[in-house]
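Here is a short briefing on a structure. Look at the cysteines, then at one small sheet and its helix.

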Amino acid sequence: MQLRGTLHLHEPMAKHTSWRVGGPAERFYVPADLDDLVCYLQRLLPEEPLFWLGLGSNLLVRDGGIKGTVIQTFGALARHEFLDQQRLRVEAGVACAKVARLSAKRGLTGAEFLAGIPGTIGGALAMNAGAFAGETWTHVEQLETLDRQGTLRVRQRDEYHVDYRSVCGPQGEWFVAAYLKLERDPGAETGQRIKELLAERLAKQPIQQASCGSVFRNPPGDSAARLIEEAGLKGLRIGGAFVSEKHANFFINGGDASAADIEALIDRVALAVEAKQGVRLIPEVRIVGHQSTQLEHASDG
Ligand SMILES: Cc1cc2nc3c(=O)[nH]c(=O)nc-3n(C[C@H](O)[C@H](O)[C@H](O)COP(=O)(O)OP(=O)(O)OC[C@H]3O[C@@H](n4cnc5c(N)ncnc54)[C@H](O)[C@@H]3O)c2cc1C
C-alpha cells in the first residue's frame, strides 16, 4: 500500500513544542491515519530511532534535535466514537480539550479536568495527566497499542502500573487509542464546571506564555511551586528562560530562550531547592534529544 502521510526532513521541533524550543527532527512523519501509520512502521528500518509526539506540551527537546523519526499523532490519530451511553473510543492524537467538550455535550461527567490540559489523549495516557483531583487513568478501561513493527494489540487496564504522573506497562508499545468510561449525569452543569476550571487556571497559571505547565512533580504531601517560591527563586533567569512570577513551577520562554537555557534553569532550581529545603525535586517534563555539540559530533562522524 502507498503511504499517504507527510514526511518532513529536518523539521524544527520548536514548531511542535509548547516551550517553542528544540532542534530539528531528522525525519518527522505525520501519518494520514492509523492504517497509514501501521504501513509506515512496517517499512521502518529496525535500527531507526523512533519518538512519538502528541502536542509537545510536556516536552523539552534539546537544541541539537532528535535523531531518527518523530511520529506526530495530533491531527493523524484523530477519530473518536461513542460506543454506548457511557463509553467512548478515542484515538491518541485527539486533543484532551476536545474529549472534555464532547463528553460534556453528551451529558457525561468525569472528563472536565481534561479541558485545560493542552495535550493529546496519547500524551495524557503516557503521563497519567491530571488536574483538579481528576486523573486520566481513572477512566481507562482498555487500550489499543502499536509496536515498532506495526503490530496492533488490545491491552487491559490492569496490564499497566499507574501512579501520580507515572505509567508503566508493556515495553516497546505506544498508545493508539483508549476506551474511556465516564459517569452519566445529564443534569450536571458540566459545561459550566469546565468554564470555572479554565477560569481558575487563568487566574493562577501563566497559560498565555510559552511553558510546559508544571516542570517538577509535586513531592508527596507538598507542592513544588511552594518549595520553589519559598527558596526565593521566582523570577530567576538563565538566558531567555525564567521562573514565572505567577506560578513558581512554570518556567517561561521569554521569546529567545534556548532549550539549553531551560534545562540549565531546571537544574539550577532543583539544586537550590535541595540545598535550601532538603527536597530533591523530580522533573515531570520529559527531556529528550541531543545537545547541540553532541549533534555536531554525530554529523561529523
Ligand atoms: C499551560 C500548560 C498547562 C498544563 N497543565 C497540566 C495539568 O494540569 N496536568 C497535567 O498532567 N499536565 C499538564 N500539562 C502538561 C501536558 O499538557 C500534559 O503532560 C499532556 O498530557 C502532554 O500531552 P502531549 O500530547 O502534549 O504529550 P507530548 O508532550 O507530545 O509527549 C509527552 C510524552 O508522552 C509521550 N507520548 C505522546 N504520545 C504518546 C502515545 N500516543 N503513546 C505513547 N507515548 C506518547 C511522548 O513520547 C513523551 O514522552 C500542562 C502543559 C501546559 C503547557
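Zero disulfides turn up when the whole structure of this predicted model is searched. A disulfide needs two cysteine sulfur atoms within 2.5 Å. Two cysteines, Cys-96 and Cys-212, show how a pair can miss that cut-off.

**Cysteines**

- The cysteine sulfur closest to that of Cys-96 belongs to Cys-212, and it lies 15 Å away, so the two are too far apart for a bond.
- Cys-212 is likewise in no disulfide, with the sulfur of Cys-96 as its nearest cysteine sulfur.
- Is Cys-96 buried or exposed? Cys-96 is buried, at a relative accessible area of 0%.
- Cys-212 also counts as buried, because its relative accessibility is 5% and the limit for buried is under 20%.

**A three-stranded sheet**

- Three strands form an open sheet in the order E17-E18-E19. Their pairing is antiparallel.
- Strands E17 (237–238) and E19 (251–253) are the edges of the sheet. Each has a single partner strand, so one side of each has no neighbour in the sheet.
- How many bridges join E18 to E19? Three bridges link strand E18 (residues 241–243) to E19, and the two run antiparallel.
- Ala-241 has Asn-253, in E19, as its bridge partner.

**The helix across the sheet**

- Helix H6 spans residues 259–277.
- Helix H6 lies across E17, E18 and E19.
- The helix runs at about 30 degrees to E18.

Technical notes
Residues are numbered from 1 along each chain as its sequence is written. This is a predicted model: local features need pLDDT of at least 70, side-chain atom pairs count only at pLDDT 80 or more; totals for chains, interfaces and linings use all residues. Side-chain values use heavy atoms; hydrogens and water are left out. Two strands pair if DSSP finds at least two bridges between them. Helices (H or I, at least four residues) and strands (E, at least two) are DSSP runs, numbered from the N terminus. Contact means heavy atoms within 4.5 Å. Axes are lines fitted to C-alpha atoms, for helices over the stretch in contact, and angles run from 0 to 180 degrees between N-to-C directions. Buried means under 20% relative accessible area, exposed over 50%, partly exposed in between (1.4 Å probe, protein chains only).
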